[in-house]
Amino acid sequence: MGAVLVTGGAGFIGSHVVERLLAAGRRVVVVDNFDDFYDPAIKRRNVRRAAAHPACTIVEADIRDEATMHDLAARHDVDAIIHLAARAGVRPSIEEPLLYQSVNGLGTTVMLEVARRRGVKNFLFGSSSSVYGESGEVPFREDMRVDRPVSPYAATKKANEELCFTYHHLYGLPVTCLRFFTVYGPRQRPEMAIHKFARAIKEGRPVTLYGDGSSQRDYTYIDDIVDGVVAALDRPQPYEIVNLGGSRTTSLAELVAMLERQLGRPALVERLPAQPGDVTITYADVSRAHRLFGYTPRVPIEEGLGRFARWLEDPS
């Protein structure tokens, strides 16, 4: 059995996926450029345990570097790719659309070319619930119209889903695009809402809420996401788009109240107007994931926030 190449493998989701694969006996090649979107030391800490595993190779490189990516895939006998590397975040993409198009667009094209030339058995693409935009219908189903993204980040994810289909159509590449819904848990990126809010509450700093607190998100615990990714890796599809979410919504106001209870401290709330690019609701229909992969989210938000709060006390 060949190695699994995981791009973005030092990130929040990627590092958890890598550890699960290593525990299952797979050889793993991690590619990450350890950029400064947030402190690179956090990502190096994320892969500290994986780096000590004899079946893991960690390479610091940019996914846009075509020669390096092809060389890695050949040298390590890669037969599956989990492509999670991307420039992340809705609001930053509005400020730097060219960078997002370069990393997310060109980077994904390079990885698809690697997959094509290697003839990999499975290519998983980490997409996002942001592709649904301001859909008027919930829960979100994979067959809904998603051609009106409201941020450059969402547009790159939607465009890459289309590019993945092109590679399947032309070359028979087995591809599954996994639409992640607001993933949280240990190692969550520091600028994401749950992590940012929790640290502010813990330290007695103001929690900035954009809008009136009524916006809703389908928060998905990291273990549930990893279950879905690994199940999709083990069950290649010709071409599929699949939601991975918690299949339950929580309002922003409810989220802050839950964090207050978990942390045992009140939040000092500062309200600001809603931000461009934000949507009012995300809500996953996961019936396709259940049918294809046996996926069922198991960690409710209350339990997941408790686990996150304990990790925040001791992130080692």
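Seven strands make up an open, parallel sheet, in the order β3-β2-β1-β4-β5-β6-β11. The model you are looking at is predicted, and this sheet is a good place to start the tour. At its edges sit β3 (56–60) and β11 (239–244), each of which pairs on one side only. On average, neighbouring strands are turned by 20° against each other, direction ignored.

Let us step inside the sheet for a moment. Strand β5 (residues 122–128) and strand β6 (residues 175–180) run parallel and are joined by six bridges. If you would like one pair to look for, Phe123 has Val175 as its bridge partner in β6.

**Helices on the sheet**

Which strands does α7 touch as it packs on the sheet? They are β5, β6 and β11, and the direction of α7 makes about 160° with that of β5. Helix α9 (residues 222–234) lies across β1 (3–7), β4 (78–83), β5, β6 and β11. With β5, α9 makes an angle of about 150°.

A residue worth a visit on α7 is His168, since the helix spans residues 152–171 and includes this histidine. The side chain of His168 reaches the backbone oxygen of Pro238 at 2.9 Å. Leaving aside residues up to four places away in sequence, His168 touches Leu173, Pro238 and Tyr239. Tyr239 takes us back to the sheet, as edge strand β11 covers 239–244.

**Helices on helices**

Three helix pairs can be set side by side. Two packed helices are described by the angle between their axes and the distance between the axes.

| Helix pair | Angle | Axis distance |
|---|---|---|
| α6 (residues 97–118) and α7 | about 20° | 10 Å |
| α4 (residues 66–75) and α6 | about 35° | 10 Å |
| α8 (residues 193–203) and α12 (residues 301–313) | about 60° | 11 Å |

Take α6 and α7 first. With an angle of about 20° between them, α6 is therefore roughly parallel to α7. Their crossing is right-handed. On the α6 side, the contact is formed by Pro97, Tyr100, Gln101, Asn104, Gly105, Thr108, Thr109, Leu112, Glu113 and Arg116. Facing them from α7 are Pro152, Tyr153, Thr156, Asn160, Leu163, Cys164, Tyr167 and Tyr171. By class, this contact of α6 with α7 holds nine nonpolar, seven polar and two charged residues.

Helix α6 also packs with α4, again in a right-handed crossing. Here Glu66, Met69, His70, Ala73 and Ala74 of α4 meet Val110, Met111, Glu113, Val114, Arg117 and Arg118 of α6. How many charged residues does the contact of α4 with α6 have? There are four, together with six nonpolar and one polar. Notice Glu113, which appears in the contact of α6 with α7 and also in that of α6 with α4.

The remaining pair is α8 and α12. Are these two helices parallel or oblique to each other? Their axes make an angle of about 60°, and α8 and α12 are therefore oblique to each other. The crossing in which α8 passes α12 is right-handed. From α8 come Ile194, His195, Ala198, Arg199 and Lys202, while α12 brings Leu305, Phe308, Trp311, Leu312 and Glu313. The residues of this contact of α8 with α12 divide into six nonpolar, one polar and three charged.

Note on methods:
Residues are numbered from 1 along each chain as its sequence is written. This is a predicted model: local features need pLDDT of at least 70, side-chain atom pairs count only at pLDDT 80 or more; totals for chains, interfaces and linings use all residues. Side-chain values use heavy atoms; hydrogens and water are left out. Helices (H or I, at least four residues) and strands (E, at least two) are DSSP runs, numbered from the N terminus. A polar contact is a pair of N or O atoms within 3.5 Å; within protein, one must be able to donate a hydrogen and the other to accept it, and residues adjacent in sequence count only if both atoms are side-chain atoms. Contact means heavy atoms within 4.5 Å. Axes are lines fitted to C-alpha atoms, for helices over the stretch in contact, and angles run from 0 to 180 degrees between N-to-C directions. Angles under 35 degrees count as roughly parallel, over 145 as roughly antiparallel, 65 to 115 as roughly perpendicular and the rest as oblique. A crossing is left-handed if the near helix is turned anticlockwise from the far one by less than a right angle, and right-handed if clockwise. Ala, Val, Leu, Ile, Met, Phe, Trp, Tyr, Cys and Pro count as nonpolar, Asp, Glu, Lys and Arg as charged, and the others, Gly among them, as polar. Two strands pair if DSSP finds at least two bridges between them.
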